[in-house]
Amino acid sequence: MVSVRDRRPVVWFTWFVRVMLALGFLPSGMIKVLGIPFTKLPTTDPVGYFFDALLRTGELYPFIGVCQLVAAVLLLVPRTATVGALVYLPIIAGIEVLTLTVPFQGTWVITTLMLLGVIYLLVRDVDRLAALVRSPESDEVRVVRAR
C-alpha cells in the first residue's frame, strides 16, 4: 500500500513548494552577497531605513545572503532537503517578524506563505527529523553488547 506522502500529487506538491521556496531566496541572497542594496526606498521610509542600516552593518548583510543561498540550494537537492528546510526556517521566521513589525505593504502575505511552506516540508519529514535527535539507545532494536 502506498502512503499518502508517496502519492504522485503529494510528491509533485512537495517539489513545487521546495522549488518556490528556493526561488524566493536565490535572488535576494545573491543581492546580499554582492552587496547590492535590497531596495531603492529612501531612508525616510521605515523599510528603506531598515535595509539601509542592514546594508551598512558590513558582514551581516552578505552573511544573511550566503545563508539564504545555502538554504535554497539544500532545498533543491533531495538528499539535503530536510536540512535545507531546517536552515530556511529561522531565516524566514525572522523575515516574517520583520514584515509584520515594519510597515511593509502586502509582503507579509508572501512571507507567511513561505513560512507555511517550510513548516509543511518539516512536518512531512518529521521521521527524518526524529532520527536526527533520537539516541541509539532509544531504537526499537537493541544490540546486546559482549562484556
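## Exercises on a Six-Helix Chain

Setting aside neighbours within four places in sequence, Leu122 is in contact with Thr82, Ala85, Leu86, Leu89 and Leu129. The exercises below begin from this residue and concern a predicted model.

**Exercise 1. The surroundings of Leu122**

Determine in which helix Leu122 lies, whether Leu122 is buried or exposed, and how far Leu122 is from Leu86 in sequence and in space.

*Solution.*
1. Leu122 is placed in helix α5, which covers residues 107–124.
2. The relative accessibility of Leu122 is 11%. Buried means under 20%, so Leu122 counts as buried.
3. Leu86 and Leu122 are separated by 36 residues in sequence, while their C-alpha atoms are 7.5 Å apart in space. Leu86 is also one of the contacts of Leu122.

**Exercise 2. The chain as a whole**

State how many helices and strands the protein chain has, what percentage of its residues count as buried, and what share of the contacts with a separation of 6 or more comes from residues 24 or more positions apart.

*Solution.*
1. The secondary structure consists of six helices and zero strands, and the order from the N terminus is α-α-α-α-α-α.
2. The chain has 147 residues, of which 29% count as buried.
3. Among contacts with a separation of 6 or more, 63% join residues 24 or more positions apart.

**Exercise 3. Thr111 and Thr99**

Establish where Thr111 and Thr99 lie, whether each is buried or exposed, and which polar partners their side chains have.

*Solution.*
1. Thr111 belongs to helix α5, whereas Thr99 belongs to helix α4, residues 81–101.
2. Thr111 has a relative accessible area of 4% and is therefore buried. For Thr99 the value is 5%, so Thr99 is buried as well.
3. The side chains of Thr111 and Glu96 make a polar contact of 2.5 Å. A polar atom in the side chain of Thr99 lies 2.9 Å from the backbone oxygen of Glu96.
4. Apart from residues up to four places away in sequence, Thr111 touches Ile92, Ile95, Glu96 and Thr99. With its neighbours within four places likewise set aside, Thr99 is in contact with Phe104, Thr107, Trp108 and Thr111.

**Exercise 4. The crossing of α1 and α5**

Describe the angle and handedness at which α1 and α5 cross, and the classes of residue in their contact.

*Solution.*
1. The axes of α1 (residues 8–33) and α5 come within 10 Å and cross at roughly 135°.
2. The two helices are therefore oblique to each other, and their crossing is left-handed.
3. On the α1 side, the contact is made by Val10, Val11, Phe13, Thr14, Val17, Arg18, Leu21, Gly24 and Phe25. On the α5 side, Met114, Gly117, Val118, Tyr120, Leu121 and Arg124 take part.
4. By class, this contact has ten nonpolar, three polar and two charged residues.

**Exercise 5. The packing of α3 and α4**

Describe the angle at which α3 packs with α4, the handedness of the crossing, and the classes of residue involved.

*Solution.*
1. Helix α3 (residues 60–76) and α4 pack at about 140°, and their axes are 8 Å apart.
2. The angle makes α3 oblique to α4; an angle would have to be over 145 degrees to count as roughly antiparallel.
3. The crossing of α3 and α4 is left-handed.
4. Among the residues in the contact are Cys67, Gln68 and Ala71 of α3 and Val83, Gly84 and Ile95 of α4.
5. The contact has eleven nonpolar, two polar and no charged residues.

Notes
Residues numbered from 1 in each chain as written. Predicted model: local features only at pLDDT ≥ 70, side-chain atom pairs only at ≥ 80, totals over all residues. Heavy atoms only, no water. Axes fitted to C-alpha atoms, helices over the stretch in contact; angles between N-to-C directions. Helix = DSSP H or I, 4+ residues; strand = E, 2+ residues; numbered from the N terminus. Parallel < 35°, antiparallel > 145°, perpendicular 65-115°, else oblique. Left-handed = near helix turned anticlockwise from the far one by under 90°. Contact = heavy atoms within 4.5 Å. Nonpolar A, V, L, I, M, F, W, Y, C, P; charged D, E, K, R; others polar. Buried < 20%, exposed > 50% of the residue type's maximum accessible area, 1.4 Å probe, protein only. Polar contact = N/O pair within 3.5 Å; in protein donor to acceptor, adjacent residues only side chain to side chain.
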